[in-house]
Amino acid sequence: LLLGLALLFLGGSLYFSLIVTRPTIPRVKDSGLFYFSMIRAQPREEFIERFENLTHQQVRHDLLSQVHSLAGIAQHKYRRNAIGLNFLLASLYFWALAQLLTVLG
């Protein structure tokens with residue numbers, strides 16, 4: 001039973017460790033010029049031309065929008081990483097308890 005719980009928590013840790021590397025980013029229709037998929041979707045010269053035609057206010061708005069998006073991604077990753085670590089610690093606890101009971105019993 002204890003080893004089963006250890007394996008269950010180890011599986012949870014592995015799951016959260018894997019999904020933390022694949023953040024889900026909602027698609028935004030007008031995500032601004034600094035969004036990486038918007039950059040790659042445009043031919044190089046078109047991207048450069050669009051960038052050079054931006055006003056300082058537009059550049060600032062797009063940059064702040066990206067900062068906000070990246071903060072959300074970082075928060076999401078941190079939360080999932082913390083959950084994965086908690087599952088790993090629980091797994092180690094149950095494994096150690098099972099080993100201790102095997103030695104003593």
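## Ser-13 on helix α1

Ser-13 sits in helix α1. Keep in mind as you look around that this is a predicted model. With a relative accessible area of 6%, Ser-13 counts as buried, because the cut-off for that label is under 20%.

So who keeps Ser-13 company? Setting aside neighbours within four places in sequence, Ser-13 is in contact with Gly-84, Phe-87 and Leu-88. Gly-84 shows up again in a polar pairing: the Ser-13 side chain reaches the backbone oxygen of Gly-84 at 3.0 Å.

## A nonpolar patch on the surface

Leu-88, one of the contacts of Ser-13, also has a part in a nonpolar surface patch. The patch covers about 550 Å², and its members are Leu-7, Leu-10, Leu-85, Leu-88, Leu-89 and Leu-92. Two elements each supply two or more of these residues: α1 (2-19) and α4 (56-104). Which of them gives the most? That's α4, with four residues.

Leu-10 is worth a look from the α1 side, as it lies in that helix. Its relative accessibility is 40%, so Leu-10 goes down as partly exposed, whereas Ser-13, in helix α1 too, is buried.

## Over to helix α3

Now for another helix. Ile-48 has its place in α3, which runs over residues 44-52. Is Ile-48 buried or partly exposed? It comes out as partly exposed, because its relative accessibility is 29% and buried would need under 20%.

For a sense of spacing, take Ile-48 and Leu-63: they are 15 residues apart in sequence, and their C-alpha atoms are 16 Å apart in space.

How values were computed
Residues are numbered from 1 along each chain as its sequence is written. This is a predicted model: local features need pLDDT of at least 70, side-chain atom pairs count only at pLDDT 80 or more; totals for chains, interfaces and linings use all residues. Side-chain values use heavy atoms; hydrogens and water are left out. Buried means under 20% relative accessible area, exposed over 50%, partly exposed in between (1.4 Å probe, protein chains only). Patches are made of residues with over 30% relative accessible area and no salt bridge: like charges are joined within 9 Å, nonpolar side chains (Val, Leu, Ile, Met, Phe, Trp, Tyr) within 5 Å. Accessible areas come from the Shrake-Rupley method with a 1.4 Å probe; for residues, only the protein chains shown count as cover. A salt bridge is a side-chain nitrogen of Lys or Arg within 4 Å of a carboxyl oxygen of Asp or Glu. A polar contact is a pair of N or O atoms within 3.5 Å; within protein, one must be able to donate a hydrogen and the other to accept it, and residues adjacent in sequence count only if both atoms are side-chain atoms. Contact means heavy atoms within 4.5 Å.
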